[in-house]
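User: I'd like to understand the labels attached to this structure and what stands behind each of them. Could you go through them with me?

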Amino acid sequence: MNTSLYCHPHSTVNFMLVPRLRYSIIMAAARKPMRLKELEGYLQDVEVFENPKVKLEQYPTTPHIAACMLHTITSTYDDLVDKTVADLGVGCGVLSVGASMLGSGYVLGIDIDEDALATCSANLDEFEMTNIDLLECDVKSLASSEVVNRLHGKFDTVIMNPPFGTKHNQGIDMVFLQAGLKLSTNSVYSLHKTSTREHILKKASDWGVDVTVIAQLRYDLANTLKFHKKKAVDIEVDFYRFSHKR
Ligand SMILES: C[S@@+](CC[C@H](N)C(=O)[O-])C[C@H]1O[C@@H](n2cnc3c(N)ncnc32)[C@H](O)[C@@H]1O
């Protein structure tokens, strides 16, 4: 069968199911609502891409932005606690780690890049996360492949900071969004360039999903992609919630 599902070499089943150590202190804290600043503090210890790949748009979500996103998702929409969550383009795992800290029941992080997944795996070990698995897979295949069809509708919530489609991969953010909508039964949280807002709102309407622009953020690409030649590359980014109509 033709498939673009890539299994990690250490996988014992189809997915890269990474064995996790038991972790206690942070999860115990997650039973109580974690404060925004506390979450941001923990996320500062998540290691980022060692050699970010420009073509894959490997800029990490900053601890501040990740904490703001996740805190809003749980405090305003109650879409994390005890939920099954998929993180598309998990990278080094800052969103997955934060979601787990805030009490998600289970998280699956998906990325195309094995180097990113290796760093992510090390982060999960460091944080002793037991409820996060990783899958090496091209998100483009999630919209179509028969093999990954069985993931469809398996997650309450999808979170992501997708590639924006600025590196000769125009439209990749919309592919991520479509995949997220297929995987989720409830909601998808995502970041997209503000300049594409009109297009995204139209697509959401075409697809029959509800959409809210929760916030507009400034994203400092120069700080995240350290090798970027320009001094400052602040871009305006929208934080969205998409939800399936009931
Ligand atoms: C902007 S980074 C975000 C990383 C991480 N989620 C974070 O918040 O720090 C985008 C991620 O998407 C991954 N990616 C790019 N193209 C992909 C594809 N076609 N399928 C799966 N992952 C992809 C990259 O490797 C990268 O880790």
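Analyst: Happy to! Let's start with a cut-off: a residue is called buried under 20% relative accessible area, exposed over 50%, and partly exposed in between. Please keep in mind that this is a predicted model.

User: Why is Asp78 called partly exposed?

Analyst: Asp78 has a relative accessible area of 47%. Partly exposed covers values between 20% and 50%, so Asp78 is partly exposed. Asp78 sits in the loop between α3 and β1 (84–88).

User: What makes the phi of Asp78 worth a remark?

Analyst: Most residues other than glycine have a negative phi. Asp78 is not a glycine, yet its phi is positive, about 50°. Glu57 is another case, with a positive phi near 55° in a residue other than glycine.

User: Where is Glu57, and is Glu57 buried or exposed?

Analyst: Glu57 belongs to the loop between α2 (36–43) and α3 (63–75). Its relative accessible area is 5%; buried means under 20%, so Glu57 is buried.

User: How do you know how many disulfides the structure holds?

Analyst: A disulfide needs a pair of cysteine sulfur atoms within 2.5 Å, and the structure holds zero of them. Take Cys92: the nearest cysteine sulfur, that of Cys120, is 6.9 Å away, and Cys92 is in no disulfide.

User: Are Cys92 and Cys137 buried or exposed?

Analyst: Cys92 has a relative accessible area of 6%, and Cys137 has 0%. The limit for buried is under 20%, so Cys92 is buried and Cys137 counts as buried too.

User: Why is α4 called largely enclosed by the rest of the structure?

Analyst: Eight of the eight residues of α4 are buried, so α4 is described as largely enclosed by the rest of the structure. The buried residues are Val94, Leu95, Ser96, Val97, Gly98, Ala99, Ser100 and Met101. Just after this helix, Gly103 takes a positive phi of about 110°.

User: Which residues are closest to the ligand?

Analyst: The closest are Thr61, Gly89, Asp111, Asp138 and Val139, out of 22 residues that surround the ligand. By class, this shell has twelve nonpolar, five polar and five charged residues.

User: What makes the pairs between the ligand and Gln58, Val90 and Asp138 polar contacts?

Analyst: The cut-off is a pair of N or O atoms within 3.5 Å. A side-chain N or O atom of Gln58 is 3.0 Å from an oxygen atom of the ligand. For Val90, a backbone N or O atom lies 3.3 Å from a nitrogen atom of the ligand. For Asp138, a polar side-chain atom lies 2.9 Å from a nitrogen atom of the ligand. Each of these distances is within the limit, so they count as polar contacts.

User: How much of the ligand does the protein cover, and which elements give two or more residues to its shell?

Analyst: The protein covers 98% of the 590 Å² of accessible area that the ligand has on its own. The elements that give two or more residues to the shell are α4 (94–101) and α6 (139–142).

User: How do you know that Asn186 counts as buried, and what does its side chain meet?

Analyst: Asn186 has 17% relative accessibility, and buried means under 20%, so Asn186 counts as buried. This residue is in strand β5 (residues 184–193). Its side chain and that of Asp79 are joined by a polar contact of 3.0 Å. Leaving aside neighbours within four places in sequence, the contacts of Asn186 include Asp79, Phe155, Arg241 and His244.

User: Why is Ala215 called partly exposed?

Analyst: Ala215, in strand β6 (residues 209–220), has a relative accessible area of 26%. The range for partly exposed runs between 20% and 50%, so the label fits Ala215. Ala215 and Phe239 are 24 residues apart in sequence, and their C-alpha atoms are 5.2 Å apart.

User: And the chain overall: how many helices and strands, and what share of residues is buried?

Analyst: The chain has nine helices and seven strands, and 52% of its 246 residues count as buried.

Technical notes:
Residues numbered from 1 in each chain as written. Predicted model: local features only at pLDDT ≥ 70, side-chain atom pairs only at ≥ 80, totals over all residues. Heavy atoms only, no water. Buried < 20%, exposed > 50% of the residue type's maximum accessible area, 1.4 Å probe, protein only. Near = heavy atom within 4 Å. Polar contact = N/O pair within 3.5 Å; in protein donor to acceptor, adjacent residues only side chain to side chain. Areas by Shrake-Rupley, 256 points an atom, 1.4 Å probe, with all protein chains shown as cover. Helix = DSSP H or I, 4+ residues; strand = E, 2+ residues; numbered from the N terminus. Nonpolar A, V, L, I, M, F, W, Y, C, P; charged D, E, K, R; others polar. Contact = heavy atoms within 4.5 Å.
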